[in-house]
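Dear colleague,

I am passing a structure on to you, and I would be glad if you could read through it with the notes that follow. Please look at the picture first and then compare it with the text.

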Amino acid sequence: MGYGTLIRVNKISIKDPLSYQVSISDIDASATRNANGDLVRDRVATKYKIEASWSALQPAEIADLLQAVTEEFFEVEFYNPFTGGFTVTTMYVGDRSSPLAYAKDSGEYVWKNLNMNLIER
């Protein structure tokens, strides 16, 4: 995969992830069961979450990805499997993690398995 086919942050294409999953979550103000056992809920919103991971990133590539999501909130345009097209929304990033690896053949450090979640505001 290349740049810009799945995710853009603040109108800038980022490297396509190796793993990409979009989910939709219902946000309820309250949810209870009545005397019949039926769910009674007050759904106030439906929000997207993107779970993405990248493997074998060079230092400049991981820096680009992490710097793209440093703001508290940012605009994300992403390929949405639920609509079959692209969706633009405001998101924030959850925890980010990536272990450092050493490439013995080249003698350079690489980052592997960067994982991050982008969550709709």
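Below I describe some of the features found in this structure, taking one group of residues at a time.

Please keep in mind throughout that this is a predicted model.

**Salt bridges**

The count of salt bridges comes to five. One of them is formed by the side chains of Asp26 and Arg41, which meet at 3.3 Å from N to O. This pair links distant parts of the chain, since Asp26 belongs to strand S3 and Arg41 to strand S4, with their positions 15 residues apart in sequence. Asp26 also meets the side chain of Arg43 in a salt bridge, again given as 3.3 Å from N to O, and here too distant parts of the chain are linked, with Asp26 in strand S3 and Arg43 in strand S4, 17 residues apart. Arg41, for its part, forms a salt bridge with Asp28, and the closest N and O atoms of that pair are 3.0 Å apart. Arg41 in strand S4 and Asp28 in strand S3 are 13 residues apart, so that this pair likewise links distant parts of the chain.

What do these shared partners add up to? Asp26, Asp28, Arg41 and Arg43 are joined into one network by salt bridges that share partners. As for the surroundings of these residues, Asp26 counts as partly exposed at 35% relative accessibility, Arg41 counts as partly exposed at 37%, and Asp28 counts as partly exposed at 31%.

**A residue in strand S3**

Ser25 also has its place in strand S3, which covers residues 19-33. Is Ser25 buried, exposed or partly exposed? Ser25 is partly exposed, because its relative accessible area of 34% falls between the limits of 20% for buried and 50% for exposed. When its neighbours within four places in sequence are left aside, Ser25 is in contact with Ala45, Thr46 and Lys47. The C-alpha atoms of Ser25 and Val76, by comparison, are separated by 17 Å, and these two residues are 51 residues apart along the chain.

**Aromatic pairs**

How many aromatic pairs are there? The count comes to three. In general, a pair of aromatic rings is described by the distance of the centres and the angle of the planes. Tyr48 and Phe78 form an edge-to-face pair, with 5.3 Å from centre to centre and 70° between the planes. Tyr48 lies in strand S4 (residues 39-54) and Phe78 in strand S5 (residues 74-80), and the pair therefore ties together parts that are 30 residues apart in sequence. Both partners can be placed by their accessibility: Tyr48 is buried, with a relative accessible area of 17%, and Phe78 is buried, with a relative accessible area of 0%.

Another pair is made by the rings of Phe73 and Tyr92, whose centres are 6.3 Å apart and whose planes stand at 90°, so this pair is edge-to-face. It links distant parts of the chain, with Phe73 in the loop between H1 and S5 and Tyr92 in strand S6 (residues 85-97), 19 residues apart. Phe73 counts as partly exposed at 30% relative accessibility, and Tyr92 is partly exposed with a relative accessible area of 31%.

**A buried residue in strand S5**

Asn80 lies in strand S5 and is buried, with a relative accessible area of 0%. Not counting residues up to four places away in sequence, Asn80 touches Tyr48, Gly85 and Thr87.

**Helix H1**

Which residues of helix H1 (residues 59-68) are buried? They are Glu61, Ile62 and Leu65. Seen down the axis of H1, these buried residues fall within an arc of 95°, so they line one face of the helix. The face of H1 turned away from this buried side carries the exposed residues Ala60 and Gln67.

**A patch on the surface**

Finally, Leu100, Tyr102 and Tyr109 form a nonpolar patch on the surface, and together they have about 350 Å² of accessible area. Of these residues, Tyr109 lies in strand S8 (residues 108-111).

With kind regards

Terms used. Residues are numbered from 1 along each chain as its sequence is written. This is a predicted model: local features need pLDDT of at least 70, side-chain atom pairs count only at pLDDT 80 or more; totals for chains, interfaces and linings use all residues. Side-chain values use heavy atoms; hydrogens and water are left out. Patches are made of residues with over 30% relative accessible area and no salt bridge: like charges are joined within 9 Å, nonpolar side chains (Val, Leu, Ile, Met, Phe, Trp, Tyr) within 5 Å. Accessible areas come from the Shrake-Rupley method with a 1.4 Å probe; for residues, only the protein chains shown count as cover. A salt bridge is a side-chain nitrogen of Lys or Arg within 4 Å of a carboxyl oxygen of Asp or Glu. Helices (H or I, at least four residues) and strands (E, at least two) are DSSP runs, numbered from the N terminus. Buried means under 20% relative accessible area, exposed over 50%, partly exposed in between (1.4 Å probe, protein chains only). The arc is that of the directions from the helix axis to the C-beta atoms. Contact means heavy atoms within 4.5 Å. Rings of Phe, Tyr and Trp (its six-membered ring) pair if their centres lie within 6.5 Å; planes under 30 degrees apart count as stacked, over 60 as edge-to-face and the rest as tilted.
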